[in-house]
Amino acid sequence: MFKKLKRSAEGASVPHEKATAGMATVVMPAPAKVVLPMSQHIGAPAVPVVKKGDTVMVGTLIGQAGGFVSANIYSSVSGTVSAVAPVAMANGSSCNAITIESDGQQTVDPACVPPVVTDKDSFLKAVQNCGLVGLGGAGFPAHVKLSAKGIDYLVINGAECEPFLTPDTREFLECSDTIISGIEAVMKYCEIPNCVIGIERNKPECIDLMSGLVAGMKGVSVKPLPMRYPQGAEKTLIESCTGREVPKVGPTGKPGLPADAGCIVMNVTSVSTLGKFLKTGVPLVTKRLTVDGDAAAKPMNVEVPIGTLFTDIIEFCGGIKEGKTLGKAISGGPMMGLAMFGTDFPVLKQNNGLILLSREAANLPEPSACIRCGRCINGCPMGLEPVNIANAYTAKNMDELGKLNVDLCVACGSCSFVCPAKRPVTQTMRLAKDAYMGYLRSQGGK
């Protein structure tokens, strides 16, 4: 169906920069306050169920899922609700948020008890009660994903292909027991016979550890992946691990999903978090992030309460390196992360990194004219043609954008990375995709 989709060896040869891979996770004490936005997932925002002045504990439900495609939000600290009001988000949007002043005690809510799971329905209810979403960055509610039928492959995403980021590496090395128990639960209650754990070859210690642990598990295997960005992209990962291709259009006429290829993809930290919840009953309230970059005084992997401000994390990690001026703070990795216009934004469930770049490192080269070299086409893991898409976008030719499959763009950044003219190719691809999807909606499309 796709002219060039079967090309997992393409993409970009990005520098790995995994300096923190061997650094054990450091737990950050509760900050003075946390800010918990009600939109930390794809889908409807959660609805606040507490008010100013209420006392909460770690694991207290503060935001009820606003629909099936939504997720619960829980307090990550014990303390007092000081505000329920809209806040600005790092992406420039605004959403309702709950601010909690911490008492520093981190008292766990007595309601946090291991769920009773006996079948798929009670399992999915437990997943929903965990507040679990895709923790690799997507933020898709896990109970929705796991409700799919006709699945015969569970694919665990341990590629961690973004430069700098190593929280998933530490999850493998520090929490292998809950990774295994989470996988076992998903396979059992969702009746999935096969599981492949995909790990890039630059993490040999993770590959060796997991290979030993799954050796006696029926239907479970570890797949070493090429060190080629973006191996962790969902469709690329499915192809690499199973040889299957996600169709452009699924049986319902809507864009193809992993389920249409008989697969469910879960990030390794997501499945491990599920294993922890089934064991303890404590929902998703903390997140491990990698703090790194040439302006970071003390690069490290740090576990923080969700809702902690990036400013507080920077201070905990030693601030900005002496002699450096902060030029850019990126939430996430340098390829797909979000460059923030400040650091007074909260950590969300799906955040996995804070990259601090000096003014020198953040300085972008001046773009020059496109030389029609085709590297953006060769580098695209989805087999798209960015240079032709840019021309169609400039001409506002929506029919041509559709023919060029712009809706398949995963915004991985490979095209910009390989461009010798240093053009903002990825940004143009994003704009073109947004324009095309908006056009479809205006036409009553999908």
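Hi everyone. A residue counts as buried here when its relative accessible area is under 20%. Keep that cut-off in mind, please, as we walk through this predicted model.

Let's begin with helix α4, residues 176-189. By that cut-off, 10 of the 14 residues in α4 are buried, so the helix is mostly covered. The buried set runs through S176, T178, I179, I180, G182, I183, A185, V186, M187 and Y189. For those of you who like a geometry check, here is one. With 14 residues at 1.5 Å each, α4 should span 20 Å, and its end C-alpha atoms do lie 20 Å apart, so the two agree. Just past the helix, E191 has a positive phi of about 55°.

What does α4 give the most to? The answer is the largest nonpolar core, where α4 supplies 7 residues. That core has 55 residues, and the ones with the most contacts inside it are F123, L154, V186 and I197. In soluble globular proteins, nonpolar side chains tend to be buried together.

V186 is worth a closer look, since we have now met it twice. If we set aside neighbours within four places in sequence, V186 is in contact with F123, L146, L154, E191, I192, M266, V271 and L274. Notice E191 in that list: the residue with the positive phi just after α4 is also a contact of V186.

Two other names there, V271 and L274, take us to helix α7, residues 268-280. Both are buried, and so are V268, T269, S270, S272, T273, G275 and F277. Among the elements covering the buried residues of α7 are α1, β9, α3, β12 and our friend α4. The geometry check works here too: α7 has 13 residues and reaches 18 Å from its first C-alpha to its last, close to the 18 Å expected.

There is also a second, separate core, this one of 22 residues, and I377, I389, C415 and C419 are included in it.

Please hold on to C415, and let's turn to empty space. How many cavities of 30 Å³ or more does a search of the whole structure find? It finds 2. The largest has a volume of about 100 Å³. Fourteen residues line that cavity, and the closest to its centre are C380, C409, C412, C415 and M429. So C415 shows up both in the second core and by this cavity's centre. Helices α13 and α14 each supply at least two of the lining residues. By character, the lining divides into 11 nonpolar, 3 polar and no charged residues.

The second largest cavity holds about 30 Å³ of space. Its lining is made of L135, P167, D168, N267, T269, K287, R288 and N352, which divide into 2 nonpolar, 3 polar and 3 charged. Here α3 and β13 each supply at least two residues. You may recognise T269, one of the buried residues of α7.

One last stop, and that's S76, in the loop between β6 and β7. Is S76 buried or exposed? With a relative accessible area of 1%, S76 is buried, because the cut-off is 20%. Not counting residues up to four places away in sequence, S76 touches V34, L36, V58, Q106, V285, P305 and I306. For a sense of distance, S76 and I156 are 80 residues apart in sequence and 26 Å apart in space, C-alpha to C-alpha.

That's my tour. Thanks for listening!

How values were computed
Residues numbered from 1 in each chain as written. Predicted model: local features only at pLDDT ≥ 70, side-chain atom pairs only at ≥ 80, totals over all residues. Heavy atoms only, no water. 1 Å grid on protein atoms, 1.4 Å probe; cavity = no way out; pocket = protein on both sides within 12 Å on 5 of 7 lines; lining within 4 Å. Points joined across faces, edges and corners; volume = space filled by probe spheres on them. Helix = DSSP H or I, 4+ residues; strand = E, 2+ residues; numbered from the N terminus. Nonpolar A, V, L, I, M, F, W, Y, C, P; charged D, E, K, R; others polar. Expected span 1.5 Å × (residues − 1). Buried < 20%, exposed > 50% of the residue type's maximum accessible area, 1.4 Å probe, protein only. Core = buried A, V, L, I, M, F, W, Y, C linked by side-chain atoms within 4.5 Å. Contact = heavy atoms within 4.5 Å.
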